[in-house]
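Q: Can you walk me through the charged and aromatic side-chain contacts in this one?

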Amino acid sequence: MLLENTKIAVIGLGYVGLPLAVEFAKKFPVVGFDINQKRIDELSQGHDATLEVEDGNLKSVLKDAGYKMQDAGSCIGREATLHPGSVFLHLTTRIDDLVGCNVFIVTVPTPVDKNNRPDLTPLIKASETVGKVIQKGGIVIYESTVYPGCTEEDCVPVVESVSGLKFRMQGSDKEDDKCFYAGYSPERINPGDKVNTVLTIKKITSGSTPEVADFVDKLYNTILLNGTHRAPSIKVAEAAKVIENSQRDINIAFMNELAKICSYFKIDTTDVLEAAGSKWNFLKFKPGLVGGHCIGIDPFYIAQKAEEAGYYPEILLAGRRMNDGMGGWIAREVIKLMIAKEIKIKDSRVLVLGITFKENCPDIRNSKVIDLIHELKSFGCNVDVYDPWANAREVKHEYGIELMRDAGCGMRDMKYSAVVLAVAHEEFKKFDFSGLKEKTVVYDIKAILPREDVDRRL
């Protein structure tokens, strides 16, 4: 397998796919494919609304025009050339533009349905797209988080069916000239994180044959600064990814249970954690709302596969139940504090600061702040929400909430009965909360405010 013959297609240009496409485009010709025309139009103008890729970095790989790729065919053997003066990254919604690529990297979401069952629809549709254009000798690499076996048992058969090619895996009787290969290299993007980026993380790689595993490992090492860990099989790589976030989910669940216990003892959770953290081997997790596209979803993927195999994963699902219930529990704690201050609950005004799933990031996917808001509203509270990072149109579409345009300067004048700091955006640290709790309940979920300025910290 020759790296110099490589023509890459990245399927899905979200938080994961776009940074990957941009970095690979500095080494290889890349086609970035997404079904969202609005997303393609925005990126073509050199701006990424997710803020994962800086405008200058994106524009640097879009600097020219007139991209054309000749038929590359297999990575094995003959070399295909890129037309002189072409761009490094071509953005498109047209499947035909993927013809000629020989490495397909799938970075689409893997959500759950309303019953928390894995929804493979985006993954299956992406596999169909690859099947329409992949040629003999091509490689499809999946980055989406899945359960062990998903790549080879669910995705590859779709590519086979649509393409008419045969999947080549380790142990196959004989290689023929009508086969394709697969790899798995799970994404580790942390939205909003400017330290642990696609360049600096250490990445897991794997392949369907030893030769493909070698190629996939070498391919990613062309852009990574800290190397890779080569897993012995695709299933091992899939399992490793899904337990990374499951482990974090369980640890945060324990912290959330601790926060509940501390509330009964009327002691500050942060004080307890700071004291315990003085021990050298104490794991410094914190309580909070667990949302987003990974931690709050991934455990359900491995849980379903375990149940299908006949094992009920008690700890995994107990952690999920604990974390999924925190928004409602915090809302009820706020109501109790309001009652203690003899504040009328019905028709009271509550301000929630933040709706993204994490700080300093515009990502609102699977935000658990919405659970807090719904529970407060169920008590008859009128809830205002302010978030300087979130896109107001996306919030309205996803959650039916109209975001406030401003909140900081007028908090005292707005006569809120309660203020809940739900997300630790840097902007909120500049707000003046001093003296606010004299007439208002101030609840700090993220424990970033001075203790004297709040009624309770989670």
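A: What follows goes through salt bridges, aromatic pairs and charges over rings, in that order. Note that this is a predicted model.

Q: OK, how many salt bridges does the structure hold?
A: There are 26 salt bridges in the structure.

Q: Take aspartate 271. What does its side chain meet in a salt bridge?
A: Arginine 457, with an N to O distance of 3.9 Å. The two come from distant parts of the chain, 186 residues apart. Aspartate 271 is in helix H8 (residues 269–276), while arginine 457 is in strand S14 (residues 456–457).

Q: Does that 3.9 Å sit inside or outside the cut-off?
A: Inside, because the limit for a salt bridge is 4 Å between the side-chain nitrogen and the carboxyl oxygen.

Q: And is arginine 457 buried or exposed?
A: Arginine 457 counts as buried, at 11% relative accessibility. Its partner aspartate 271 is partly exposed, with a relative accessible area of 28%.

Q: What about arginine 320, which residue does that one bridge to?
A: Aspartate 324, and the closest N and O atoms are 2.7 Å apart.

Q: How are arginine 320 and aspartate 324 placed in helix H10?
A: They are four residues apart in helix H10 (residues 314–324), so about one helical turn separates them. Arginine 320 is buried, its relative accessible area being 1%. Aspartate 324 is partly exposed at 24%.

Q: Which residue forms a salt bridge with arginine 332?
A: Glutamate 375 does, with 3.1 Å between the closest N and O atoms. This pair also links distant parts of the chain: arginine 332 belongs to helix H11 (residues 326–340) and glutamate 375 to helix H12 (residues 369–378), 43 residues apart. Both ends are partly exposed, glutamate 375 at 21% relative accessibility and arginine 332 at 35%.

Q: Which residues are linked in a network of salt bridges?
A: Glu153, Lys235, Lys305 and Glu308 are linked that way.

Q: Switching to rings. How many aromatic pairs are there?
A: The structure has seven aromatic pairs. In one of them, the ring centres of tyrosine 386 and phenylalanine 428 are 6.1 Å apart, with the planes at 55°.

Q: Why is that pair called tilted?
A: Because its planes are at 55°, and a tilted pair is one that is neither under 30 degrees (stacked) nor over 60 (edge-to-face).

Q: Where in the chain are tyrosine 386 and phenylalanine 428?
A: Tyrosine 386 is in strand S11 (residues 382–386) and phenylalanine 428 in helix H14 (residues 426–429). They are 42 residues apart, and the pair links distant parts of the chain. Tyrosine 386 counts as buried at 6% relative accessibility, and phenylalanine 428 counts as buried at 0%.

Q: What do phenylalanine 431 and phenylalanine 433 form?
A: They form a tilted aromatic pair, 6.3 Å centre to centre, with 35° between the planes. Phenylalanine 431 counts as buried at 14% relative accessibility; phenylalanine 433 is buried as well, with a relative accessible area of 2%.

Q: Which residues form one aromatic cluster?
A: Tyr386, Phe428, Phe431 and Phe433 form one cluster.

Q: Last topic, charges over rings. What does lysine 279 lie over?
A: Lysine 279 lies over the face of tryptophan 280, 5.4 Å from the ring centre.

Q: And which ring has the charged end of arginine 349 over it?
A: The ring of tyrosine 416, with the charged end of arginine 349 at 4.8 Å from its centre.

Conventions
Residues numbered from 1 in each chain as written. Predicted model: local features only at pLDDT ≥ 70, side-chain atom pairs only at ≥ 80, totals over all residues. Heavy atoms only, no water. Buried < 20%, exposed > 50% of the residue type's maximum accessible area, 1.4 Å probe, protein only. Phe/Tyr/Trp six-rings, centres within 6.5 Å; stacked < 30°, edge-to-face > 60°. Lys NZ or Arg CZ within 6 Å of the ring centre and 35° of its normal.
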